[in-house]
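Subject: Structure handover and notes

Dear colleague,

Please find below the structure that I promised to pass on to you. My notes on what was found in it follow directly after.

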Amino acid sequence: MANVDASFGLRPVRHLGGGQLRTRKFSIASGYSTSIFKGDVVELTGADDNVALAAAGNGDNLGVFWGCRYVDATGSVVFGKYWPASTTATEIEAYVFVDPLIVYAVQGDGTDAAANVGELADFIYTNAGNTTTGISGAELDTSTVAATGGSLRILGLAPYEGNAWGDNAVMEVQIAEHALIQIGAEV
C-alpha cells in the first residue's frame, strides 16, 4: 500500500532522553505578516523574545510552533492552532517546543530510503498551512538529503501502520541546526 501524501509539519513524538515534551512561551510581534501553523519551524527574531516562521534551509532554528493565545482587536481572548498573518493583538503567547532532544515525525515530499538514516535534510513548505485545522504544510525536502548541511537529521522511519520507505514516507527526525546547540563545534 502506498503512503498517503498528507503533510502535517513537524509533530513531536518523543524525547531522546525519555523526558517530558513541554512547550515554552514566546511572543509574536503584533501585525506579524506571515501565518505560523501548528508544526511549523520557528526562529527567534532577536526582538523582545519574538518568534517568526523559519525559512526553509534556516540554520538557526528555535523549535516547532504548537499554537498561540492572544487578545484580538475586539478584546476577545483567542486560543489558536495557528497565527493568522497580520493579526493585530496584545498579550500574545506563542507555544514552542524548543528542546533540541525532541524527536519529530515529518513526511517527506518525495522518495526516501533506509539508506537516508543519519543523513541531513532541510524542511520545505511544499503545501500551505490549513486555516481550518491550523496544521502546517511543512515537509522534509527529500531533494536536499546529504551527509552535511540540512536543518533536520533523519533518525529512521516513523513506526506508523502502513508507513514504508518510498514516496511520502513519514520519518522521525531531530532538529540538527538548532539555536540551542552547535553542530560540529569543538568543545
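A salt bridge is counted here where a side-chain nitrogen of Lys or Arg lies within 4 Å of a carboxyl oxygen of Asp or Glu. By that criterion the structure holds four salt bridges.

Before the details, please keep in mind that this is a predicted model, in which local features need pLDDT of at least 70 and side-chain atom pairs count only at pLDDT 80 or more, while totals for chains, interfaces and linings use all residues. Residues are numbered from 1 along each chain as its sequence is written, and side-chain values use heavy atoms, with hydrogens and water left out.

Salt bridges

Helices (H or I, at least four residues) and strands (E, at least two) are DSSP runs, numbered from the N terminus. I call a residue buried under 20% relative accessible area, exposed over 50%, and partly exposed in between, using a 1.4 Å probe and protein chains only.

One of the salt bridges joins the side chains of D49 and R24, at 3.8 Å from N to O. This pair links distant parts of the chain, as D49 sits in the loop between β4 (41–44) and β5 and R24 in strand β2 (residues 23–26), 25 residues apart. D49 is partly exposed, with a relative accessible area of 37%, and R24 is likewise partly exposed, at 43%.

The side chains of E93 and K25 also meet in a salt bridge, at 3.7 Å from N to O. Here E93 belongs to strand β9 and K25 to strand β2, 68 residues apart.

In a further salt bridge, R69 pairs with E91, and the closest N and O atoms are 4.0 Å apart. R69 lies in strand β6 and E91 in strand β9, with their positions 22 residues apart in the chain. R69 is buried, with a relative accessible area of 18%, whereas E91 is exposed, at 55%.

Backbone angles

E91 deserves a second mention, since its phi is near 50°, a positive value in a residue other than glycine. N168, which is not a glycine either, has a positive phi of about 60°. N168 is found in the loop between β16 (166–167) and β17 (170–175), and N168 is buried, with a relative accessible area of 13%. For context, most residues other than glycine have a negative phi.

Nonpolar cores

A nonpolar core is a set of buried Ala, Val, Leu, Ile, Met, Phe, Trp, Tyr and Cys residues joined through side-chain atoms within 4.5 Å. The largest one has 17 residues, and those with the most contacts inside it are I28, I36, V51, F65 and W83. Two or more residues each are given to this core by β5 (51–53), β6 (63–72) and β9 (89–97), and β9 provides the largest share, four residues. Taking contact to mean heavy atoms within 4.5 Å, and not counting residues up to four places away in sequence, I28 touches I36, N50, V51, F65, W83, I92 and A94. A second, separate core of 16 residues includes A54, Y104, L140 and I154.

An open sheet

Two strands are taken to pair if DSSP finds at least two bridges between them. An open sheet of five strands follows the order β1-β10-β17-β15-β12, with antiparallel pairing. β1 (11–15) and β12 (120–121) stand at the edges, each with a single partner strand, so one side of each is left without a neighbour in the sheet. Two bridges join β12 to the antiparallel strand β15 (residues 152–157), and within β15 the bridge partner of A121 is L152.

With best wishes
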